Amino acid sequence: MKEWWVQVGLLSVPLLAVYLHIPPPKLSPALLSWRSSGAYFTYKDQNIFYRDSTGAVGSSDVVVLLHGFPTSSYDWYKIWEGLTQRFHRVIALDFVGFGFSDKPRPHRYSIFEQASIVEGLVHHLGLRHQRINLLSHDYGDTVAQELLHRSLQPLMLWLLFFLSRTLTRLLPCHSELFFFRLGAVFGPYTQPSQAEYWDMHRPLHNNRFLFSILQYINQRKKHRDRWVGALMSTSVPLHLIYGPLDPVNPHPEFLQLYKKVLPMSTVSVLDDHISHYPQLEDPTGFLNAYLNFINSF
């Protein structure tokens, strides 16, 4: 009789083949609308999805939105209109491997590549010499930190904003949590509806190798000095919008450490029941906090 692991292996091969050919779930009208209002540009043969909306008349300000893991640019849909009332250009992209962007496999996903893709998009849109505001969340925070490091050479960044996981890996006891159930990182009173929940998951369908993207956790450890050092060395204004119920960055330890390490940063703390996705859980409070920061300059 064959070893049990050989039998499991033989059984798993056809199952994996079937799984890899399961057609993607049908997109909701909301996601279809999001995709149809966007466009693609090419970065090293990869098609990268982005949205670019022209907004406020009389303003020249541009904001680029960087989403988190494991979701997409759709994370910003609740505040998109509000941002267009303040900024001349509101731009968001799906990082490679996420959302409607290409999901190559095998592929060595890296924060450095994602940062280069953001730079590529800025160049593609003719904004290379434009002052850029960055609004980032979760995985996007680390991409923003790499962009900030590069700006110490010269890339034109002015206002850098982090919400939630800005100082990842600074807490000695902090362990990275990968939530397949996104409801686990929402507050008890701000859970997404079933339709919203599935809209967050559907763009993930075509990337069945998310573990390769998870290498960013090891990259954070390896390049901690580079990315945290960029935060500590910059003269760029920083602002944190924080949900106290965030299980990834527990209160009050995270906030205390953040203020200690980055005393020059300003902070907005939302209501006690807001968790890891404040732009979705409390879009009004989040938007007000961000615009108050922007308008203070």
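**Nonpolar cores and salt bridges**

In this predicted model, the largest nonpolar core (buried Ala, Val, Leu, Ile, Met, Phe, Trp, Tyr and Cys joined through side-chain atoms within 4.5 Å) has 33 residues, and those with the most contacts inside it are Leu66, Leu93, Phe95, Val118, Tyr139 and Val143. Buried here means under 20% relative accessible area, exposed over 50%, and partly exposed in between (1.4 Å probe, protein chains only). Among the elements that each supply at least two residues are strand S3 (62-66), strand S4 (89-93) and helix H5 (139-151), while H4 gives the most, with six. Helices (H or I, at least four residues) and strands (E, at least two) are DSSP runs numbered from the N terminus. A second, separate core of 26 residues includes Phe49, Val63, Ala289 and Leu291.

On to the charged pairs. The count comes to eight salt bridges, taking a side-chain nitrogen of Lys or Arg within 4 Å of a carboxyl oxygen of Asp or Glu. One joins Asp52 to Arg89 at 2.8 Å, N to O; Asp52 sits in strand S2 and Arg89 in strand S4, so this pair ties together parts 37 residues apart in sequence. Asp52 is partly exposed at 26%, whereas Arg89 is buried at 15%. Arg86 and Asp61 meet at 2.9 Å, N to O, and both are buried.

Side-chain values use heavy atoms, with hydrogens and water left out, and residues are numbered from 1 along each chain as its sequence is written. Local features need pLDDT of at least 70 and side-chain atom pairs count only at pLDDT 80 or more, but totals for chains, interfaces and linings use all residues.
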